[in-house]
Amino acid sequence: GDAAAVRTLARSGLDVFAHNVETVERLQPMVRDRRASYAQSLAVLRRAKEFGNCDGRRVYTKTSIMLGLGETAEEVLRTMRDLREADVDVLTFGQYLRPTERHLAVVEYVTPEQFDYFRREGEAMGFRYVASGPLVRSSYKAGELFLAAMMDEDDERDAEQQQQQQAAAAEAAARAEAERSEAAAREATRSAEERAAQEQARAAQVAAAEAAKEEAARAAAAEQQEIARVEALKQELRVREAEQRAAEKAAAQERAAAERAAAEEERAAQAEEQRAAAAAAAKQAAVKQKSSGGGIGAAIKGVVQPLLIGAGALGAGFVFLTGKDSAEEEPLPPPSAAPSPAAAPPPPAPAAAPAATLQDKEAQAAASLAEANAALALAEKELSSARTVITKEAGEEGAAGATDSLEGRVAKLQKMVEELESS
């Protein structure tokens, strides 16, 4: 089983490398030397074929099997398949005969029909030559002659194949040379055509690039025009929005002015109605007092009524101007010294005005101030008349006591008028 020894022998120049497996795998320990084995013999035959077939040489491998030692037909067929896988070329079968009493006894004498069966099976498996018979030995002469003829035939076939290969190689070389020449001609033609096509492609690319530039320029100009148009539309929209806001503002100012004028007219009408109502009430009270002998009470009421109207006008002026009551002054009730005349209706509260500008507030406060001045003048006039009436009926001392409180109220109203004027 030494691989180096097998290589040396296989490359020594021999034609047939023979190594016998002797029997099937199961009987190897009983039939052969224990230094040999079934797997080792298969490896030797396989390596001999691998090592010998080199440098253009061919080595044939051969092995033999003895039958009649107790093997089964299936074991023989399995051994044949293993040998074929090891690429063995020649296989021989022979009957085992016991040389001496010290050797293994013959278990079976195989029939010629069984030998012929193994021959057919071996040829079907692909062995180049199978010798199978009771008297066949590993050095079977007819087998050797057949091997010599087979080797000659193989050599002739190899020579013929070599010639065919050489002729095929020459033909292939000639064909390759012709193909190279034809390819060179086609390449030259194709190169010229490719150069022309490349020139045309370059020209087309240049034309396409110029067209693209022109298109880009047109697109840029159109984009600028569109941008200018959009900006013009935006500017027009801004102008329209500004005009609309100005119109809305002017309309709002006109509405506010109209509302202020209406409010002023309404307040003036209300003040006029209050003054007329106060005068009528005072006149009625005076007539009533004269008819009942109460001239002093009527005179005092004639003074108190305009004082109340003036105080209401001043309060409205302070509210218009500052948004709060005038210095939080206490109201001007009728003096306690005066008799209790019929209570006159208080002046109505000023109507709520819409939100106005500072100029509007100043105008409203000025109107209230004018109304208060008119009421103050009326109170002073009525105070003078009341002093005359009271002097006639109560004398100088009674007149002084009755009019002190009224004079204090008139003075207080004057002070409030001055505060509103300074504001």
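The exercises below, each with a worked solution, concern a predicted model.

**Exercise 1. Overall layout**

State how many helices and strands the protein chain has, and give their pattern along the sequence.

Solution. The chain holds 8 helices and 4 strands. Taken in sequence order, these elements run α-β-α-α-β-α-β-α-β-α-α-α. Two figures complete the description. Buried residues make up 28% of the 423 residues in the protein chain. Among contacts in the chain with a separation of 6 or more, 76% are between residues 24 or more positions apart.

**Exercise 2. Helix α1 against helix α3**

Describe how the axes of helix α1 and helix α3 cross, and list the residues through which α1 and α3 meet.

Solution. Step one is the geometry. Helix α1 spans residues 3-10 and helix α3 spans residues 38-52; their axes come within 8 Å and cross at roughly 45 degrees. The angle therefore makes α1 oblique to α3. Step two is the handedness: the crossing of α1 past α3 is right-handed. Step three is the contact itself. From α1 come A3, V6, R7 and A10, and from α3 come V44, R47, A48, F51 and G52. Sorted by class, the contact of α1 with α3 consists of 6 nonpolar, 1 polar and 2 charged residues.

**Exercise 3. Helix α3 against helix α4**

Give the angle and axis distance for the packing of α3 and helix α4, then the residues of the contact.

Solution. Two packed helices are described by the angle between their axes and by the distance between those axes. For α3 and helix α4 (residues 73-85), the angle is about 35 degrees and the axes are 10 Å apart. On the α3 side the contact uses Y38, L42 and L45, and on the α4 side R78, T79, D82 and L83. The class count for α3 with α4 is 4 nonpolar, 1 polar and 2 charged residues.

**Exercise 4. A salt bridge in helix α5**

Find the N to O distance of the salt bridge between E123 and R119, and decide whether E123 is buried, partly exposed or exposed.

Solution. The side chains of E123 and R119 form a salt bridge at 3.3 Å, N to O. Both residues lie in helix α5 (residues 112-125); because they are 4 residues apart there, about one helical turn separates them. For the accessibility step, buried means under 20% relative accessible area and exposed means over 50%. E123 has a relative accessible area of 43%, so E123 is partly exposed. R119, at 25%, also counts as partly exposed.

**Exercise 5. Two salt bridges in helix α6**

Give the closest N and O distance for R218 with E215 and for R240 with E236, and classify the accessibility of R218, E215, R240 and E236.

Solution. Start with R218 and E215. Their closest N and O atoms are 2.6 Å apart in a salt bridge. Both lie in helix α6 (residues 141-292), 3 residues apart, about one turn of the helix. R218 has a relative accessible area of 49% and is partly exposed, as is E215 at 44%.

Next take R240 and E236. Here the salt bridge has its closest N and O atoms 2.5 Å apart. R240 and E236 are 4 residues apart in helix α6, so about one helical turn separates them. R240, at 52% relative accessible area, is exposed, whereas E236, at 36%, is partly exposed.

**Exercise 6. A salt-bridge network**

Which residues are joined into one network by salt bridges that share partners?

Solution. The network contains K49, R84, D87 and D89. In total, the structure has 21 salt bridges.

Key: Residues are numbered from 1 along each chain as its sequence is written. This is a predicted model: local features need pLDDT of at least 70, side-chain atom pairs count only at pLDDT 80 or more; totals for chains, interfaces and linings use all residues. Side-chain values use heavy atoms; hydrogens and water are left out. Axes are lines fitted to C-alpha atoms, for helices over the stretch in contact, and angles run from 0 to 180 degrees between N-to-C directions. Helices (H or I, at least four residues) and strands (E, at least two) are DSSP runs, numbered from the N terminus. Angles under 35 degrees count as roughly parallel, over 145 as roughly antiparallel, 65 to 115 as roughly perpendicular and the rest as oblique. A crossing is left-handed if the near helix is turned anticlockwise from the far one by less than a right angle, and right-handed if clockwise. Contact means heavy atoms within 4.5 Å. Ala, Val, Leu, Ile, Met, Phe, Trp, Tyr, Cys and Pro count as nonpolar, Asp, Glu, Lys and Arg as charged, and the others, Gly among them, as polar. A salt bridge is a side-chain nitrogen of Lys or Arg within 4 Å of a carboxyl oxygen of Asp or Glu. Buried means under 20% relative accessible area, exposed over 50%, partly exposed in between (1.4 Å probe, protein chains only).
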